[in-house]
Every structure is written in structure tokens, then in C-alpha cells.
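User: I am new to this structure and would like a close look at a single part, followed by whatever connects to it. Please explain each term as you go.

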Amino acid sequence: GMVLAAMILGGYNIYLAIGVVILLGAFIGLVNGLLVTKLRIAYFIATLGTMSILRGLIYVYTKGIPLYGLKDPEIQGYIGVVPFPIILTLIILLVCYYLFYKTKFGRYTVSIGSNEDAAKLVGINVDKIKILVFMLSGVLCAIVGVILASRSEAAVPEAGNAYEMDAIAANRIGGGRDSGGRLF
């Protein structure tokens, strides 16, 4: 959201800014994936570490001051009476459903989450799939950042603080594990 706001307020085209934000999300996911797969850093530590580094960079860049003035009806609008973010969320849900239930990538992801050793034994490139999953997560987080910034018409450095605790709690309550999960 902060990158989006900085680019829009800097005079860049909204679609270019959104594209850059999504690519940045994929890059951050790639970094997390490489930290986990190549350096063998635990998921939890790698993602919390990069989150802390990125938050620090945001605070340095903004000096803790929110960026206001993002009123752009193109990404805040409605289609009929339904807000665009709801429609976008439904589209993403359908794409992810298809991706995880109807493609080899989805089957491989479920296999790795269920039993990584067995996935390796059947020839799945586990590191590649993990990196792609982290990149997908980064892209989805970038989209959420765009939606959050557009709906609040500002990018606030503190936006999303403590959301990681909600995610961790939801993972635990849902029966997830630190070492991997399962798609139900």
C-alpha cells in the first residue's frame, strides 16, 4: 500500500503503480521462498524477519507519517451496487480454487503440505513449488495492500500491524502446523 501511495502521489499512472506493487509482492515472496528453501530458514522466522525489515524500510521512508490523497474512483468503485474489492475477492477465490483443486501445481502443493518427504520421493520439485507458493502469497498480499490503501484513501505505516498474530492464531485454531499444512 505504501509503494502504491508513493507512486500515485509521485504522479505515476494508477495501473503502472498497481503492476509494480504486484511485481514487488511476487519478488518479496521469491525472497521468502529462497530463504526457506535454499538457506533452510524456518518459514516462521523467514517471513517474520522480512516483514520486520520491510516495516523498518517503510518507517525510514515515511518517517512514520501516513501518505494521504489516494482518492481514485477507478479502484474504489462499484460494479452495480457491489464494491469492486468484493468482486475482486470473489474472482481471486475462484482462481485459487481452480489453481489448488484442478491443476498439478495445486496437487503438488497439497502433497508437499501433507508429506514433504513422500512428495520428494515421487519426483515433485519441492523447492520450486514452495517458492511458487511464497510468490503467490506475496502477490495476494500486494493485492490486499492495494485494496486497503485504496479503501482508506491513504497509506499508513502502521497498517496491518499485529495482523500476523491473527494469521498465526487462525492457523493454530484451524489445526495448521509450523512445518507445513494441509488443504482441506
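Which residues does Glu 116 touch, not counting residues up to four places away in sequence?

Analyst: This is a predicted model, in which local features need a pLDDT of at least 70 and side-chain atom pairs count only at pLDDT 80 or more, while totals for chains, interfaces and linings use all residues. Residues are numbered from 1 along each chain as its sequence is written, and side-chain values use heavy atoms, with hydrogens and water left out.

Once residues up to four places away in sequence are set aside, Glu 116 touches Tyr 43, Ser 111, Val 126 and Lys 130, where contact means heavy atoms within 4.5 Å. Glu 116 belongs to helix α7, residues 116-121; helices (H or I, at least four residues) and strands (E, at least two) are DSSP runs, numbered from the N terminus. With Lys 130, Glu 116 also makes a polar contact between side chains, at 3.0 Å. Such a contact is a pair of N or O atoms within 3.5 Å; within protein, one must be able to donate a hydrogen and the other to accept it, and residues adjacent in sequence count only if both atoms are side-chain atoms.

Glu 116 takes part in a salt bridge as well, its side chain meeting that of Lys 120 at 3.7 Å, N to O; the term stands for a side-chain nitrogen of Lys or Arg within 4 Å of a carboxyl oxygen of Asp or Glu. Because the two residues are 4 apart in helix α7, about one helical turn separates Glu 116 from Lys 120. Lys 120 is partly exposed, with a relative accessible area of 44%, on a scale where buried means under 20%, exposed over 50% and partly exposed in between (1.4 Å probe, protein chains only).

By this rule the structure has 4 salt bridges. In one of them, the side chains of Asp 127 and Lys 38 meet at 3.5 Å, N to O, and this pair links distant parts of the chain, since Asp 127 lies in helix α8 and Lys 38 in the loop between α2 and α3, 89 residues apart. Asp 127 is buried at 16% relative accessible area, whereas Lys 38 is exposed at 53%. Asp 127 also forms a salt bridge with Arg 40 at 3.6 Å, N to O, and here the partners are 87 residues apart. Lys 38, Arg 40 and Asp 127 are thus linked in a network of salt bridges.

Arg 40, exposed at 54% relative accessible area, has another feature to note. Most residues other than glycine have a negative phi. Arg 40, although not a glycine, has a positive phi of about 60°.

Val 126, one of the residues that Glu 116 touches, leads on to the nonpolar cores. A nonpolar core is a set of buried Ala, Val, Leu, Ile, Met, Phe, Trp, Tyr and Cys residues joined through side-chain atoms within 4.5 Å. In the largest, which has 15 residues, Leu 4 and Ile 8 touch the most other members, and α1 (2-9), α2 and α8 each give two or more residues to this core. A second, separate core of 8 residues includes Val 126, together with Cys 96, Phe 100 and Ile 129.

Phe 100 brings in the aromatic pairs, of which the structure holds 3. Phe 100 and Phe 105 form a tilted pair, 5.8 Å centre to centre with 45° between the planes; rings of Phe, Tyr and Trp (its six-membered ring) pair if their centres lie within 6.5 Å, and planes under 30 degrees apart count as stacked, over 60 as edge-to-face and the rest as tilted. Phe 100 is buried at 19% relative accessibility, and Phe 105 is buried at 16%.
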